[in-house]
Amino acid sequence: MSSTNRSLNRVNEYGTPPECVRLLTARLSIDYGLSNRHRILEPQAGSGSILRALRDDTLFYDSHVTAIEVNPEHRGALSSVADKVIIHDFLDVEPPADLNKLFDLVIGNPPYGRPTFDTAGTVRLGTKGQPIQEDAVTDHVEHGLRMLKPDGLLVYLLRWAWIVPTVRSTLNRHPIHAYPLRKRPSFLLDGVPKGSDSTEYAWFVWGGTEVNVRFAAARASAPAAFLSTPI
Ligand SMILES: C[S@@+](CC[C@H](N)C(=O)[O-])C[C@H]1O[C@@H](n2cnc3c(N)ncnc32)[C@H](O)[C@@H]1O
């Protein structure tokens, strides 16, 4: 891995604080009836902050957990929290052929960008020497949806403002629900909180078929909108 790629990875590696996960799962169990014995996928699992918080939650103690992460340095940490660890680019991992092995819950905190390369395969740099990145979230949403059982949920923690340009342009499927966080998260770097972030965040929820979920009627009246429940 080049030093540019390594530093880019470090920029994109920040762990989700466990309290953010707890706030979300408390609501998901009420709003979407999540219960134990789920098949869970974390597609960009980092060192496993989200999965550790899920494992500590009695709601998920009996779930089967798969972790996917592109950076092999995290294999050891992930092995202690996941039943199955796949070190690979999530966007190149095919959904399981056996439909029973699709997931009830896909949960993550995906990277916003990925490096771009010139024809010689070198990372493209901007005028200040910074890697030029392109949007990655849209692809992580579309691919995450392919991993779901028909009534499954895809849930990503993203900057609240991310939704504005994206929904207007590239996203094929709108979220069905958002849970904006009342308190700005303090993301973890090497397990240590970095301090309150400079912007607002929300958990965005997409549904598999979008028919089994509790708020279908409310959404039907405003198909381009999504419900918003601050947590
Ligand atoms: C913001 S961190 C989130 C880590 C973890 N979800 C958490 O909240 O603790 C993003 C992670 O995505 C990984 N990543 C980036 N692109 C990826 C890809 N295409 N496939 C799998 N993992 C990827 C990075 O290596 C990094 O660990």
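**Exercise 1. In this predicted model, find which strands H5 lies across, and at what angle it runs to S7.**

Step 1. Locate the strands under the helix. H5 lies across strand S4 (103–108), S7 and S11.

Step 2. Compare directions. H5 runs at about 160° to S7.

Step 3. List the buried residues of the helix. In H5 (residues 137–146) they are Val137, His140, Val141 and Gly144.

Step 4. Ask why these four fall on the same side of H5. They cover an arc of only 100° around the axis, and therefore share one side of the helix.

Step 5. Recall the helix geometry. An α-helix has 3.6 residues a turn, so residues three or four places apart point the same way.

**Exercise 2. Work out the strand order of the open sheet and which strands stand at its edges.**

Step 1. Write down the order. Eight strands form the open sheet, as S3-S2-S1-S4-S7-S11-S8-S12. The pairing is mixed.

Step 2. Pick out the edges. Strand S3 (84–87) and strand S12 (227–228) stand there. Each has a single partner strand, so one side of each is left without a neighbour in the sheet.

Step 3. Add another helix. H2 (residues 18–32) packs on the sheet and touches S7, S8 and S11. The direction of H2 makes about 145° with that of S7.

**Exercise 3. Determine how S11 is joined to S7 and S8, and whether its residues are buried or exposed.**

Step 1. Take S7 (residues 148–159). Seven bridges join S7 to S11, and the two run antiparallel. Leu153 stands opposite Gly207 in S11.

Step 2. Take S8 (residues 177–180). Four bridges join S8 to S11, again antiparallel. Here His177 stands opposite Val205 in S11.

Step 3. Check burial. In S11 (residues 201–207), seven of its seven residues are buried.

Step 4. Split the strand by face. One side carries Tyr201, Trp203, Val205 and Gly207. The other carries Ala202, Phe204 and Trp206. Both faces are covered.

**Exercise 4. Describe the shell around the ligand: how many residues, from which elements, and of what character?**

Step 1. Count the shell. 21 residues surround the ligand. The closest are Thr16, Gln44, Gly46, Ser49 and Phe90.

Step 2. Assign elements. Helix H1 (3–12), helix H3 (49–55) and strand S2 (64–69) each give two or more residues to the shell.

Step 3. Sort by character. The shell divides into eight nonpolar, 10 polar and three charged residues.

Technical notes:
Residues are numbered from 1 along each chain as its sequence is written. This is a predicted model: local features need pLDDT of at least 70, side-chain atom pairs count only at pLDDT 80 or more; totals for chains, interfaces and linings use all residues. A residue is near a molecule or strand if its C-beta atom, placed from the backbone, lies within 6 Å of it. Ala, Val, Leu, Ile, Met, Phe, Trp, Tyr, Cys and Pro count as nonpolar, Asp, Glu, Lys and Arg as charged, and the others, Gly among them, as polar. A residue is buried if 20 or more other C-beta atoms lie within 10 Å of its own, exposed if 12 or fewer, and partly exposed in between; C-beta atoms are placed from the backbone. Two strands pair if DSSP finds at least two bridges between them. The arc is that of the directions from the helix axis to the C-beta atoms. Two residues are in contact if their C-beta atoms, placed from the backbone, lie within 7 Å. Axes are lines fitted to C-alpha atoms, for helices over the stretch in contact, and angles run from 0 to 180 degrees between N-to-C directions.
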